[in-house]
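Visitor: I should like to be guided through a structure that is new to me. May we proceed by question and answer?

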Amino acid sequence: MITFFKLVFFGLVGLSVIYLSLSVYSASLRRERLEKVYDANPVPGQSRDDYVEAGMAAYRTSLRPKLLLLVYVVPVAIWGGIVYVINTN
């Protein structure tokens, strides 16, 4: 039983590392895109930093960061499905 909890613990640690890496990468891509958009067409009366921060605030409330939580859901669902199929046959 202890081995099972070790597997779950290290699995969640690994998934957390993957989630954090993807989250930082996705946010950096969005920030870079916002900076390029501002450089191509500056908004009068708004600094580049303000434009980027407003865009990042909108990004944080969008669907994409929430979809990154599937990093936890999909592997656990697949693992649970495999265990169920193996144990029912």
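The conversation below concerns the nonpolar core and the salt bridges of this predicted model.

Visitor: Which helix gives the most residues to the largest nonpolar core?

Guide: The largest nonpolar core of this predicted model is made of Leu34, Tyr38, Tyr51, Val52, Met56 and Tyr59. At least two of these residues come from helix H1 (2-40), and at least two from helix H2 (48-60). The helix that gives the most, with 4 residues, is H2.

Visitor: Which residues does Tyr51 touch, leaving aside those up to four places away in sequence?

Guide: Tyr51 is one of the 6 residues of the largest nonpolar core. Leu34 and Tyr38, which Tyr51 touches, also belong to this core. With neighbours up to four places away in sequence left out, the residues in contact with Tyr51 are Leu34, Val37, Tyr38, Val43 and Gln46.

Visitor: How many residues apart are Glu53 and Arg31?

Guide: Side chains of opposite charge can pair when their charged atoms come close. Glu53 and Arg31 form a salt bridge, with an N to O distance of 3.3 Å. Glu53 belongs to helix H2 and Arg31 to helix H1, so the pair links distant parts of the chain, its partners being separated by 22 residues.

Visitor: Is Arg31 buried, partly exposed or exposed?

Guide: Buried means under 20% relative accessible area and exposed means over 50%, with partly exposed in between. The relative accessible area of Arg31 is 30%. This value lies between the two limits, and therefore Arg31 is partly exposed.

Visitor: Where do Glu32 and Lys36 lie?

Guide: Glu32 and Lys36 form a salt bridge in which the closest N and O atoms are 3.4 Å apart. The two residues are 4 places apart, about one turn of the helix. Both lie in helix H1.

Visitor: Does the term exposed or partly exposed apply to Lys36?

Guide: Glu32, the salt-bridge partner of Lys36, is partly exposed at 39% relative accessibility. Lys36 has a relative accessibility of 53%. Because the limit for exposed is over 50%, Lys36 counts as exposed.

Visitor: Which residues are linked in a network of salt bridges?

Guide: The structure holds 4 salt bridges. In one of them the side chains of Arg48 and Asp39 meet, at 3.3 Å from N to O. Arg48 is partly exposed at 34%, and Asp39 is partly exposed at 48%. The network that includes this pair consists of Glu35, Asp39 and Arg48.

Technical notes: Residues are numbered from 1 along each chain as its sequence is written. This is a predicted model: local features need pLDDT of at least 70, side-chain atom pairs count only at pLDDT 80 or more; totals for chains, interfaces and linings use all residues. Side-chain values use heavy atoms; hydrogens and water are left out. A nonpolar core is a set of buried Ala, Val, Leu, Ile, Met, Phe, Trp, Tyr and Cys residues joined through side-chain atoms within 4.5 Å. Buried means under 20% relative accessible area, exposed over 50%, partly exposed in between (1.4 Å probe, protein chains only). Contact means heavy atoms within 4.5 Å.
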